Amino acid sequence: MTNIVVFDFFSHSFMHLPFNEAYLRTLCSNIAQESSLYFFAHANHADNISVATKDLPTVSTGPLERMVDSEETSLYRPSAGKRAARKAITFVNTKIDELSAKVVAFSGFNSFLLKDVAICAQNNKGIVFHLILHNDLAANFDWRSKNPWIRYHDLISTLGKTLPDNVKIVALELGIKEAIIEKFPHLESNVITMEHPILATECFPSKKTEISEVINIAFVGHCSKNKGFDTFLELADRFAGASICFHAIGLMERGQEQAQLRSLATKPSKSSVPRDKYIDLIQKADLICLPVSNTYDYVASGSVLDAVTALKPLLLTTNRSYEAMFNKYGEVGMLFKNREKMLSEFEQSLESVRQHYSKWVENLEAIRKARIAENIEYKID
C-alpha cells in the first residue's frame, strides 16, 4: 500500500484545476487499489477538486493555507519566502506523519519551498518527493533581480545546488528534462518526465478534419508578450482579410492598448474566460498560433495542451520541447525558427496548410490518446 499526499500551496479556486484533476487521475491509475490519495489546497480549490474527482473513491481532499507571507511581503524577498516556506513545510510534516505518506507531491513550487523540501527529504529517506515544474524556471530565466541577495535565493541558484536522491522534479513536456540538464548537469537523476496529462472529459471528437474556406487562426491563453502576442498582432495586421481571421481567446494583458487589437475578429477578454466558454471558442478555430519565447524550453505550455486536446494544429516558434514532440508523434503543424521567420514565411506557409491538415489532426489524436490521464504510465516511487 502506498499512501500519496499532494499539496498545492499556490492555487486559487480555479488556477491549475484541470491539471490537478488530471494529475490525480494519473496517480490513481498508477497505484494499487488499496492505496489512498490525499489532496490539500486552498479551501475553494480543494472543494472544486472534490467535486471533479467524486468518481475516484481513493481520493480525499482537505484545505491548507496558501503560501503567502504573514506580513504580506512579496515572496521574492528572501525573508518573506523563507517564512512562508517554513510554515508550509510544517504543515507538510504534520500530514506526512498523520497519513503515513510514502510519496509526497507538490503541484508547483518556488525556490524557498524546494529548499525546505530538500531538507525534509534528507530527514525522510523512505519517502519520495515529487515537485511539478510549471513555468517557474522559465519565468526566472525571463527575469532575474539585480539584487545579489535575491538572486542567491532564486530558483536558478537553488537548482545549482545538489538535491537528495529522493527528490524528483517532474517536467511536463518532452525535451524539458534535457534543457534543464544542459544547465544543471548534476540534477540528471533528479529530473523525470511525465507528459502533461489531459482530461478525457475535454476530449471531444474533432469537428474539423479539413481546414475551413476562411482560415480561423487563434492565439489562446494569457495574451502576453513572452507568449508572443505582439507577434500575433503583427501577423493579424499584415494578413487579416476575407480569407484569414485572427482571434484572441484568453485574458488580455494589463495595459494592452485597444488600438493594437484592431485587426482581430475576436478580442481578448478583460477578465478570466470560463473554462467551458474557452474550450468552445477553441473548437471553432482551425489553427492555434503561439510565437513563444526561447524560455519555453523550460515550460509545458497549457495553451499547447489545449490545442492538443481540441485537435487543433499548431503554428509555433521552435524550441526543444516542440521539436521533441514532433519527433515522437510526427508533425502537428508548423515550426518556425523564430518570430522573424514566422512573420516573413507566414503567407507562403499557409499554402501548404490545406495539404497537410488532416495528417496533422491524425497525429494530434495520437498525442491526445497518449496523454489522457488514465493512459499515462507514471513511476511514482
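In this predicted model, Tyr 38 sits across from Ser 60 of strand 3. That pairing belongs to a parallel arrangement of strand 2 (residues 37-41) with strand 3 (residues 59-63), held over five bridges. Between the two strands comes helix 2 (residues 43-52), and the three elements together form a right-handed β-α-β unit.

A second unit of this kind turns up further along: strand 4, helix 4 (residues 111-123) and strand 5 also build a right-handed β-α-β unit. Here strand 4 runs parallel to strand 5 (residues 128-132), with four bridges between them, and Phe 106 faces Leu 131 of strand 5. Strand 4 has another parallel partner in strand 1 (residues 4-7), again over four bridges; in that pairing, Val 6 is matched with Ala 105.

So what do the side chains of strand 4 (residues 103-106) do, and are they buried or exposed? Val 103 and Ala 105 point one way, Val 104 and Phe 106 point the other way, and all of them are buried. That fits the usual picture, since side chains in a regular strand alternate between the two faces of the sheet.

Phe 106 comes up again in the largest nonpolar core, a set of 129 residues, where Phe 106 is among those with the most contacts, along with Phe 9, Phe 129, Ile 217, Phe 246 and Leu 287. In soluble globular proteins, nonpolar side chains do tend to be buried together. As for Phe 9, setting aside neighbours within four places in sequence, its contacts include Phe 106, Leu 113, Phe 91 and Val 92. Leu 64, Met 67 and Ala 88 also touch Phe 9, and so do Glu 65 and Arg 66.

Definitions and conventions: Residues are numbered from 1 along each chain as its sequence is written. This is a predicted model: local features need pLDDT of at least 70, side-chain atom pairs count only at pLDDT 80 or more; totals for chains, interfaces and linings use all residues. Side-chain values use heavy atoms; hydrogens and water are left out. A nonpolar core is a set of buried Ala, Val, Leu, Ile, Met, Phe, Trp, Tyr and Cys residues joined through side-chain atoms within 4.5 Å. Buried means under 20% relative accessible area, exposed over 50%, partly exposed in between (1.4 Å probe, protein chains only). Contact means heavy atoms within 4.5 Å. Two strands pair if DSSP finds at least two bridges between them. A crossover is right-handed if, with the strands pointing away from the viewer, the path from the first strand over the helix to the second runs clockwise.
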